[in-house]
Amino acid sequence: MPHGYTGNILHVDLTHQTTTVETPDEAFYRKYMGGSALAMFYLLRDMPAGADPLGPDNVLVLALSVLTGAPLSGQSRMTAAAKSPLTGAIGDSQSGGFWPAELKFAGFDAIVVKGAAKEPVYLWVKDGAVEFRPAAHLWGRITGDAEDAIKAELGDDKIEVLQVGPAGENQVRFAAIMNMSNRANGRTGLGAVMGSKNLKAIAVRGTSKVEVADKQAVSDLARWGAQNLPQSNITGLSKYGTAETTGANQTIGSLPTYNYNSGVFAEWEAIDGTTMYDTILKGAEDGKQDRLGRDTCYACTVRCKRVVEIQEGPYKVDARYGGPEYETTSTFGNYAGINDLAAIAKANELCNQYGMDTISCGATISWAYEAYNAGKLSKGDTGLDLTWGNAESMVKLTEMIAKREGFGDILAEGSARAAEELGRGLGDYLITVKGQELPAHMPQVKKSLAVIYATNPFGADHQSSEHDPAVEADFETFKDRLAMIGVNKQLPKRSLDAEKIDFAVKTQRLYSALDSLNLCQFVFGPAWQLYGPDQTVETVRAITGWDVTIDEIQELGERRLNMLRAFNAREGLDRKEDKLPAKLFKKALKGGASDGFKLDEDEFEAALDTYYEQSGWDVETGNPSRPTLERLGLGWVADQLKM
Amino acid sequence: MVITLKLYSTLREKLPPEARGQATLDLHDGATLDDLLAHLDLPKRVVISVNDEHEPDLTRRLNSGDLVRIFSAVGGG
């Protein structure tokens with residue numbers, strides 16, 4: 001095995017039930033490195049333009065990187081990518097767990113899935129061998145049950161299972177791909193793509209190990225991380241989960257409430273991460289949360305994953321389905337004015353059992369709540385009382401969406417399609433970009449997110465760039481790391497000028513590279529993360545033996561972004577789709593530190609111009625230009641676009 | 001001058017576990033947020049609210065009866 005990667009890309013043709021293995025050379029791996037960039041290579045090469053996202057022409061890629069499976073925190077992650085049935089644009093989503101490392105140990109760097117099976121099947125991948133197996137008996141079963149059944153019939157409890165739940169089978173447009181029954185490639189509806197291909201699951205087991213170029217350097221990096229974790233900026237995230245940020249977001253007025261009409265939620269403390277730790281995290285009743293309530297990914301010392309268990313009351317929650325993160329406590333909580341943490345944990349459990357993105361599911365429900373409370377939807381439409389704060393209806397709707405029952409069948413199309421189908425001016429309440437619902441960090445407060453949310457190729461995303469506070473109030477703390485990627489100046493609060501866009505572009509490139517290296521964005525990053533940009537470079541060097549620099553890593557990120565945008569250009573998208581929800585410009589936020597905040601159209605459009613210019617893209621269309629693509633070694637993509 | 005203090009996430013580990021992050025503190029008259037952070041041995045990179053309003057100015061003088069909440073300042077998603 002080469003250092004870090006296997007050299008094997010598995011191609012699966014579901015229509016003809018055949019497989020082939022491609023063995024790209026080292027230059028290919030050095031250029032794309034893995035994850036999202038590697039996936040984009042195959043999507044651009046192998047998928048015809050204009051493919052039906054839920055048809056056999058769509059290509060689903062599951063990709064690891066040249067780092068996956070090495071003995072270091074934050075590396076066991078994978079990318080799922082395909083054309084999104086939610087947005088019609090590129091779909092791209094990241095997940096952690098043990099499945100990514102196990103696939104590497106089984107001998108593959110990526111799986112490229114084409115066609116569609118006539119009947120449900122699952123793949124069994126073991127130490128380089130691949131078998132198609134019937135899955136009709138698994139169809140319709142929730143993730144935990146299907147995972148148990150696969151492990152039982154293959155006779156190995158150490159198998160890792162990636163799968164779709166019933167929501168993916170039902171082609172809910174924001175269905176997720178799940179692994180471990182609690183880790184999700186959540187965003188952009190890629191579970192529906194897998195379901196449309198009649199591919200229920202991919203079970204993997206491998207016994208090989210990842211050979212690294214410099215064992216001592218990898219060991220030193222791992223030791224440094226373990227020693228510095230307790231004093232680091234992520235120690236709170238690791239112990240209290242990402243929902244520990246609820247109170248800070250509330251305080252700065254960036255806790256999206258009542259479907260993004262306010263940045264504060266009076267009852268935030270009921271759903272905060274510290275409260276979760278004290279009440280429903282497994283082991284809380286006798287103070288054993290740190291041992292029982294925190295799960296991990298392969299070889300990661302951070303252990304940030306929530307494990308919630310509720311044995312009493314109306315919302316019992318099984319610990320195997322994990323627990324809610326900040327995005328989930330927000331979308332199922334403050335988005336709809338809901339203060340019931342047990343109900344939120346139940347909705348999270350349902351999403352993991354049925355396989356759905358908690359962000360789009362919760363935000364689609366909160367869209368319906370706003371329409372209902374505005375008198376535009378009635379109980380006759382919904383069958384449920386959607387008064388703000390009604391936790392019971394939220395939980396019921398979550399299950400109805402997964403099963404496509406009643407009003408849930410309309411919401412299963414996502415809020416943008418639901419608004420179009422129902423009419424009545426319900427589009428006024430949408431909080432979508434390219435048809436995908438906004439995550440829980442507010443661009444009215446952190447203004448660089450306005451540009452990133454609007455332009456991000458797979459819809460609004462909060463993990464595609466560093467957020468504004470790092471270059472505003474927190475700059476002094478992070479200036480050394482930010483300088484490594486060329487960000488050298490503290491900027492005023494809520495600015496959106498060329499210097500702020502420069503910060504957004506440079507940090508976006510690093511985050512984009514992380515999604516191609518499949519590194520966790522809590523463990524690696526440009527500011528508050530455990531490891532900084534210099535250690536990201538050291539990690540790639542230690543594992544692969546390549547003499548990479550930060551410039552090469554930044555260029556990898558830029559290459560991946562250009563491939564994503566080029567895919568969208570090929571599908572006919574351009575600047576016209578880089579729009580934010582109208583309400584962010586028209587309605588001022590109410591209450592708290594962000595009272596009165598709204599975005600300005602002229603400032604936003606000027607910022608878009610600057611963003612395209614700094615990206616080397618055509619300002620009029622927002623699409624990559626041939627010189628930029630050629631500079632990044634993507635002349636073949638420019639040829640595809642007939643530039 | 002007596003204030004009510006609430007600390008969240010890892011910050012509350014500055015207080016005894018049984019306090020669960022909440023305490024009543026007797027501070028000298030005219031004490032500022034800066035003084036409070038120093039008293040608690042907390043970093044300056046935190047997010048603070050006084051009486052549930054955001055207060056980024058660490059020179060803010062506290063008054064008797066104030067409720068001060070202090071949060072870790074982190075990214076995350």
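Analyst: Ala, Val, Leu, Ile, Met, Phe, Trp, Tyr, Cys and Pro count as nonpolar; Asp, Glu, Lys and Arg count as charged; the others, Gly among them, count as polar. The structure discussed here is a predicted model.

User: How many cavities of 30 Å³ or more are there, and what is the volume of the largest cavity?

Analyst: The search covers the whole structure and finds 2 cavities that reach this cut-off. The largest cavity holds about 1000 Å³.

User: Which residues are closest to the centre of the largest cavity?

Analyst: The lining of the largest cavity counts 46 residues. Those closest to its centre are Arg77(A), Gln94(A), Ala184(A), Glu325(A) and Gln463(A).

User: Which element gives the largest share of the lining of the largest cavity?

Analyst: Two or more residues come from each of strand 5 (90–95), strand 11 (183–185), helix 12 (326–331), helix 13 (341–354) and helix 14 (358–373) of chain A. The largest share is 4 residues, and the element that supplies it is strand 5 of chain A.

User: How many residues in the lining of the largest cavity are polar?

Analyst: Sorting the lining of the largest cavity by class gives 14 nonpolar and 12 charged residues. The remaining class, polar, has 20.

User: What is the volume of the second largest cavity, and which helices each supply at least two residues of its lining?

Analyst: The second largest cavity has a volume of about 50 Å³. Its lining includes Val505(A), Glu558(A) and Tyr611(A), and it divides into 4 nonpolar, 3 polar and 2 charged residues. The helices of chain A that each supply at least two residues are helix 21 (498–517), helix 23 (550–570) and helix 25 (601–615).

User: Why does the largest pocket lie between two domains of chain A, and which domains are they?

Analyst: The largest pocket has a volume of about 820 Å³. Its lining of 43 residues has Ile252(A), Pro469(A), Asp474(A), Val47(B) and Ala73(B) nearest the centre. Residues of the lining come from both domains, so the pocket lies between domain 2 (216–437) and domain 3 (448–579 + 600–640) of chain A.

User: Which strand of chain B supplies at least two residues of the lining of the largest pocket?

Analyst: By class, the lining of the largest pocket has 19 nonpolar, 13 polar and 11 charged residues. Helix 9 (246–252) and helix 20 (475–483) of chain A each supply at least two. Chain B does so through strand 3 (46–50).

User: Which helix gives the most to the lining of the second largest pocket?

Analyst: The second largest pocket has a volume of about 620 Å³, and its 29 lining residues include Gln231(A) and Arg45(B), which are among those nearest its centre. Domain 2 and domain 3 of chain A each give at least three residues to this lining. Helix 7 (215–228), helix 8 (235–240) and helix 20 of chain A each supply at least two. The most, 5 residues, come from helix 20 of chain A.

User: Are the residues on the two faces of strand 9 of chain A buried or exposed?

Analyst: In a regular strand the side chains alternate between the two faces of the sheet. In strand 9 (residues 160–163) of chain A, Glu160(A) and Leu162(A) lie on one side, and Val161(A) and Gln163(A) on the other. Both faces are covered, and these four residues are all buried.

User: Which residues stand opposite Gln163(A) in strand 12 and in strand 10 of chain A?

Analyst: Strand 9 pairs with strand 12 (residues 199–205) of chain A over 4 bridges in the antiparallel sense. Strand 9 is also joined to strand 10 (residues 177–179) of chain A by 2 bridges, again antiparallel. The residue opposite Gln163(A) in strand 12 is Ala201(A), and the bridge partner in strand 10 is Met178(A).

User: Which strands stand at the edges of the sheet in chain B?

Analyst: The sheet is open, with mixed pairing, and its 5 strands follow the order 2-1-5-3-4. An edge strand has a single partner strand, so one side of it is left without a neighbour in the sheet. In chain B these are strand 2 (22–26) and strand 4 (53–54).

User: Which residue of strand 2 of chain B is the bridge partner of Thr4(B)?

Analyst: Strand 1 (residues 2–7) of chain B runs antiparallel to strand 2, and 5 bridges join them. In strand 2, the partner of Thr4(B) is Thr24(B).

User: What percentage of the residues in chain A are buried?

Analyst: Chain A has 27 helices and 16 strands, and its C-alpha trace spans about 60 × 55 × 55 Å along its principal axes. Buried here means under 20% relative accessible area. Of the 643 residues in chain A, the buried part is 67%.

Notes:
Residues numbered from 1 in each chain as written. Chains lettered and ligands numbered in written order. Predicted model: local features only at pLDDT ≥ 70, side-chain atom pairs only at ≥ 80, totals over all residues. Heavy atoms only, no water. Buried < 20%, exposed > 50% of the residue type's maximum accessible area, 1.4 Å probe, protein only. Pairing = 2+ DSSP bridges. 1 Å grid on protein atoms, 1.4 Å probe; cavity = no way out; pocket = protein on both sides within 12 Å on 5 of 7 lines; lining within 4 Å. Points joined across faces, edges and corners; volume = space filled by probe spheres on them. Domains from an automatic or database assignment.
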